[in-house]
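Hi everyone, thanks for coming. Take a moment with the picture before I start talking.

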Amino acid sequence: MLRFAHGLLLSLSLLLISPWVAAADSTFTEGVHYKTVNPPLHPLQPGKTEVVEMFWYGCPHCYRFEPLLEQWAEAQPEQVAFIRVPAVFRDSWLLHAQAFYTAEALGVLDKVHRPLFDALHLEKRPLKTKQEVANFFATLGVPKEDFLQTFESFAVQGKVQQAVVITRTSGITGVPAMIINGKYRTDASMAGSFEDMLKVVDYLIAQGGPSSQTAAAK
C-alpha cells in the first residue's frame, strides 16, 4: 500500500513538473514573441553582441521596467554591449532625449538617469522645458552653464538625430522595447511581460553572434 502511495505521489509530482519543464525547454517564435528588423540597423558597437533598450523618461512602463533591466544588465558578460537609446516618437520627446545625451556627454549619466525617472514619476516634477531640466541637473551638482552649453552642442544634437532615426527604422511601436544585434525587436506586449521580454532577449542573444558591421539603417 505504501509502495502504491509512493508511486502515485511520484506520478502526480511528474505531472506537476512536466509543464514547467516543457516551458523551460520551449523556444520563442518569430512573429509572436519577437519580430525581425528589416533592414537591420547599423550597429552602435560593432563586434559586440548588442542589446539596445528604447525608452522614454516620461513613460511609466519604462520606469517600472528599470529595476529589472538594471539587474539584467549587471549580469551580462563582457561581450554583450547594453546600450540605452531614448526613443523619439514625437517632438515633445526630444527634450528628454537631449537631456539623456547631455548627461552622457558630461559623464554624469550614472548620476542622472535614475533620479530623472524618479523626479518625473515619484516627485511629479514636470521637467517640460530646457530651463526646468537645467535646474534639475543643477540639484545633482551639474552647473547650469555646463548643462546649457552641452545641451545645445553639435555632438548632442547629432546623437538625438541618430535616436530619431533608430526609432523610425527599428519598427518599434512603443516603449520599453529591446533591439538585439540590430536584427530583432521585442517588447512586453509580444513577450507577455517584462520578465519574459528579458527571457526573449536572452534567447536571441544565444541565437546570434556579434552585430554585423555591414548592416545599415536607412
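Let's start with a quick one: is E53 buried or exposed? With a relative accessibility of 1%, E53 counts as buried. Buried here means under 20% relative accessible area, exposed means over 50%, and partly exposed is in between, using a 1.4 Å probe and protein chains only.

Before going on, a word on what you're looking at: this is a predicted model, so local features need pLDDT of at least 70, side-chain atom pairs count only at pLDDT 80 or more, and totals for chains, interfaces and linings use all residues. Residues are numbered from 1 along each chain as its sequence is written, and side-chain values use heavy atoms, with hydrogens and water left out.

Okay, back to E53. You'll find E53 in strand β2, residues 49-55. When I say helix or strand, I mean DSSP runs numbered from the N terminus: H or I with at least four residues for helices, E with at least two for strands. So what does E53 touch, leaving aside its neighbours within four places in sequence? The contacts are F65, L69, F82, I83, R84, V85, P176, A177 and M178. Contact means heavy atoms within 4.5 Å.

Next, the rings. Searching the whole structure turns up 16 aromatic pairs. The rule is that rings of Phe, Tyr and Trp (for Trp, its six-membered ring) pair if their centres lie within 6.5 Å; planes under 30 degrees apart are stacked, over 60 edge-to-face, and the rest tilted. One of the pairs is F55 with F100, which is edge-to-face, at 5.5 Å centre to centre with 70 degrees between the planes. That pair links distant parts of the chain, with F55 in strand β2 and F100 in helix α3, 45 residues apart. Both F55 and F100 are buried.

Now compare W56 and W93. Their ring centres are 4.2 Å apart and their planes sit at 10 degrees, so this pair is stacked. W56 lies in the loop between β2 and α2, and W93 in the loop between β3 and α3, so the pair ties together parts 37 residues apart in sequence. W93 counts as buried, at 6% relative accessibility. There's a cluster too: ring pairs link F55, Y57, Y63, F100, Y101 and F117.

F100 turns up again in the largest pocket. Which residues lie nearest the centre of that pocket? They are I83, R84, F100, E104 and L109, out of 17 lining residues. The space inside is about 380 Å³. Bear with me for the recipe: on a 1 Å grid over the protein atoms alone, a pocket is an open set of points with protein on both sides within 12 Å along at least five of seven lines, a cavity is a set where a 1.4 Å probe fits but cannot get out, and lining residues have an atom within 4 Å of a point. The lining has seven nonpolar, three polar and seven charged residues. At least two lining residues each come from α2 (60-74), β3, α3, α4 (109-121) and α7.

What about cavities? The structure holds one of 30 Å³ or more, and the largest cavity has about 40 Å³ of space. I172, T173, G174, A177, R185, T186, D187 and M190 line the largest cavity, and β5 gives the largest share, three residues.

T186 leads us to G31, in the loop between α1 (2-25) and β1 (35-36). G31 and T186 are 155 residues apart in sequence, yet 9.7 Å apart in space, C-alpha to C-alpha. G31 counts as partly exposed because its relative accessibility is 47%.

Last, two helices. In α7, residues 154-170, the buried residues are V156, V160, A163, I166, T167, T169 and S170. They pack against β2, β3 (80-86), α3 (94-106), α6 (144-151), β4 (177-180) and β5 (184-187). Right after α7 comes G171, with a positive phi near 85 degrees.

In α9, the buried residues are F194, M197, L198, V200, V201, Y203, L204 and I205. Their cover includes β2, α2, β3, β4, β5 and α8 (188-191). So β2, where we found E53, is among the elements covering α9's buried residues.

That's my tour, thanks for listening!

Technical notes: Points joined across faces, edges and corners; volume = space filled by probe spheres on them. Nonpolar A, V, L, I, M, F, W, Y, C, P; charged D, E, K, R; others polar.
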